[in-house]
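Reader: Could you pick one part of this structure and take a close look at it with me? I am a first-year student, so please start with any term I will need.

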Amino acid sequence: MKSKIVTLVSVGAHPASGRARRAEHDARAVELGLRLAGQALEVLHVGDPAEPALRDYLGMGLAHLDVLEQPAGGDALPGLIEYLRDAGAQMVLAGSRAETGEGSGMLPYLLAERLGWPVVVGLAEIERIDNGIAQVLQALPRGQRRRLNVRLPLIATVDAAAPKARQSAYGPAQRGELLAHEVEIVADELLSAAQLQPARPRPKRLKVIKAKSGADRMKAATAKASVGGGKVLKGVSAEEGAEAILKLLIEEGVVR
Amino acid sequence: MSDVIRRDPHAEWIARNRLHPLHASLQSQQASWSGPTGVVRKNPHAVGFIGPNGIRRIDRSGAEQGGNVRRMSTAQVQLPLHQVPAPAFYVAVVPDMVGGRLSAHDRDLFGLARQLVGTQGAVLAVVFGEHKETAFDTAGVDRLLRLEGHEYLGYAPEQRVQALHALDSQLGPRHWLFPDSRDGGAELGRRLAARLGERPATRVWQVKDGLCTGRAGAGYQDLNQALPRLILAAAECAEPVSETRHEALPLSLERPVVRTLPRIEDGGAVAVDPAAIPMAEAEFIVSGGNGVKDWGLFHQAAVALGATEGASRVAVDDGFMTRDRQVGASGTWVTARVYVAIGISGAIQHLQGIGACDKVVAVNMDPTCDMIKRADLSIIGDSTAVLQALIEAIAKRRNGAERNAA
């Protein structure tokens, strides 16, 4: 059985110009989906079907892209839940967070909670799928990987550890079709209470010296970095030294 | 010790010089203080100083400068203890505990939690599984909830969310604080938010007057909103606690947590080629310098340990390692949790590069070098012999593990 795979995409913003483009992580999710399902991959967007940036995804080799039509400032969740429930998808891939709007990264978790599916965070690679169980590699910080066995259907988010997205070609981008679907429009109440504004630079953390006396301040300004009470093994044999090092490495969990 | 009183002119000079870094440690004992009821207490033994001929002198002019006081190491300052006997409410913090210890991000989060509790509430830390942290009290933790059991071991986000959900219904914390980090806090916080059906504030970097500011989208916009119950805060969201000590009393759940059937099964860590990990984010680095004589053995040891290789500038200049492996000011600033420096004496540029490292192990011939002062564990000896012994010890351990498994 070939399982149906859906990738959710959003409209990104170029980091320098702010111009609309394909979102970096979403494009990686499309890439992962294309490697798994090829042309059978279904790509879904909630928003304006006339958005030209969506054609960047079509240029990756998709014949069509489904759009659940919604004005800006709407809540994408209710329409998506209904659509995915009816679509019979086995795996939903999404970028870790949107590049525009709130970008809280909550959507995959909310979808999973409502649909009752497991969610995998930071998917790097799908090793195999059999008997309704997907064996996947999860990306951890510091370049580490963890193997997970997850029951289908599942939702997975993709971040910078996933394979790099292929280039978008102009011809297929223009030939591909954007199919609009009507869904119920629900307004997002967040933006009525909160304001978006250009990001303020974060204040730099200062090194605060909480010294009561002049001598303490002088000490803080002149003293060398703390001479930690490190353990020094002197006059031991190489074997004893190596044992001590290995013991520390095992305690720290870097040598298994 | 001889009975002859010897003058230490240098110490006397330090005792007179109020700007000297050691001035405070040479001051005489406290002679009078205010007792708990406000009565002034005096220690007659501490009044005055021992003169050069061994006789106690009391200088009532007020110009006394300590005199011949023996030099003491700086006393450990006992921070004032903040107690919350009956908390009116809780602010729950779920730290990442990377490697079983509080990270700098976690400490910032406790600082933010202290801002939110005021004097009536208590900061509750929720820790899963085993930990190695000993400084919960100075981090600002009033109550500590440890959730232990094999169901929390490894990667078990669903069981952890279940436990946090149970905690939420039992204690009803006023706020939930998570670090918005890739080490697990971001994921756990969002999972709990989805479970509770509440909208969190994410990537929060400032909390002020009941409002919070967090980064939105790709980081080019800020979202200002009223402070919600769930907060996923960025690093450096607040100053860590530094001036108080807290109780860190153990707390337990009233009812045990229901076990969930895991839909995500942890298959364990996968071996990654350590050479392929970018050095700036590698967790474990073995670095070689001028003291390494046998580079073939060094590479062999790095492979045996499963560590990413690094090098000092000298090793790179001499052509033993490539330029992209250089650690230090003009190379890569590494963030490894464990850094093993073999034959590196620790030039200041190199020590800058490893400033963010947690545990440093040094192997060196020279017991006075700067790297030994920085290191948590130092072996004074020949690098070749230690590397050889290390490879053998690893092999022995691997063989032993295989035999046990068989």
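Author: First, a term. An axis is a line fitted to C-alpha atoms, for helices over the stretch in contact, and angles between N-to-C directions run from 0 to 180 degrees. Keep in mind that this is a predicted model.

Now the part itself. Start with helix H4 of chain B, residues 157–171. Helix H4 of chain B lies across three strands of that chain: E6 (90–93), E7 and E8 (143–147). Its direction makes an angle of about 155° with E7(B).

Those strands belong to an open sheet of 10 strands. Read across, the order is E13(A)-E12(B)-E11(B)-E10(B)-E13(B)-E9(B)-E6(B)-E7(B)-E8(B)-E15(B). The pairing is mixed. In general, strands of a sheet pair through backbone hydrogen bonds, either parallel or antiparallel. From one strand to the next, the twist averages 35°.

Look at the edges next. E15 of chain B is one edge strand, and E13 (195–198) of chain A is the other. Each of these two pairs on one side only.

Follow the strand from chain A. E13(A) pairs with strand E12 of chain B, residues 221–226. Four bridges join E13(A) and E12(B), in the antiparallel sense. Within this pair, A:Gln197 stands opposite B:Asp222.

Now go back under the helix. E6(B) and E7(B) pair in the parallel sense, over four bridges. B:Ala92 stands opposite B:Leu124 in E7(B). Which way do the residues of E6(B) point? B:Tyr90 and B:Ala92 point one way, and B:Val91 and B:Val93 point the other way. All four are buried.

That leads to the core. B:Val93 and B:Leu177 have the most contacts inside the largest nonpolar core, which has 109 residues. Strand E7 of chain B, residues 122–128, gives the most to this core, with seven residues. Take B:Leu177 as a viewpoint. Beyond its neighbours within four places in sequence, B:Leu177 is in contact with B:Val91, B:Ala92 and B:Val93, among others. Its contacts also include B:Leu109, B:Leu112 and B:Ala113. B:Ile231 and B:Ala233 complete the list.

Where does the sheet end in the chain's own layout? The domain assignment places domain 2 of chain B at 87–251. Domain 1 covers 1–74, and domain 3 covers 274–405. The C-alpha centres of domain 1 and domain 2 of chain B lie 47 Å apart. Another core lies apart from the largest one. This other core has 49 residues, among them B:Val286, B:Ala315, B:Val334 and B:Leu377.

One loop beside the edge deserves a stop. B:Ala248 is found between strand E14 (245–246) and strand E15 (249–251) of chain B. Most residues other than glycine have a negative phi. B:Ala248 has a positive phi, near 50°. Is B:Ala248 buried or partly exposed? A residue needs 20 or more other C-beta atoms within 10 Å to count as buried. B:Ala248 has 19 such neighbours, so B:Ala248 counts as partly exposed.

Chain A offers a case to set beside it. A:Arg142 also has a positive phi, of about 65°, although A:Arg142 is not a glycine. A:Arg142 lies in the loop between strand E9 (133–139) and E10 of chain A. This residue is buried, because 20 other C-beta atoms lie within 10 Å of its own.

Stay with E9 of chain A for a moment. A:Gln138 sits in that strand. A:Gln138 has 23 C-beta neighbours inside 10 Å, so A:Gln138 counts as buried. A:Gln138 touches residues including A:Val120, A:Leu123, A:Arg145 and A:Leu148. A:Ala124 is also on that list. The C-alpha atoms of A:Gln138 and A:Ala124 are separated by 5.4 Å, though the two are 14 residues apart along the chain.

Finally, return to where the chains meet. In total, 73 residues of chain B are in contact with 70 residues of chain A. The side of chain B that touches chain A has 36 nonpolar, 16 polar and 21 charged residues. A strand pair across the chains was seen above, E13(A) with E12(B). Another joins strand E14 of chain A, residues 231–233, to strand E21 of chain B, residues 377–380. E14(A) and E21(B) pair in the parallel sense, over three bridges. In E21(B), B:Ile379 is the bridge partner of A:Leu233.

Note on methods. Residues are numbered from 1 along each chain as its sequence is written. Chains are lettered from A and ligands numbered from 1 in the order in which they are written. This is a predicted model: local features need pLDDT of at least 70, side-chain atom pairs count only at pLDDT 80 or more; totals for chains, interfaces and linings use all residues. Two residues are in contact if their C-beta atoms, placed from the backbone, lie within 7 Å. Ala, Val, Leu, Ile, Met, Phe, Trp, Tyr, Cys and Pro count as nonpolar, Asp, Glu, Lys and Arg as charged, and the others, Gly among them, as polar. Two strands pair if DSSP finds at least two bridges between them. A residue is buried if 20 or more other C-beta atoms lie within 10 Å of its own, exposed if 12 or fewer, and partly exposed in between; C-beta atoms are placed from the backbone. A nonpolar core is a set of buried Ala, Val, Leu, Ile, Met, Phe, Trp, Tyr and Cys residues joined through C-beta atoms within 7 Å. Domain bounds come from an automatic or database domain assignment.
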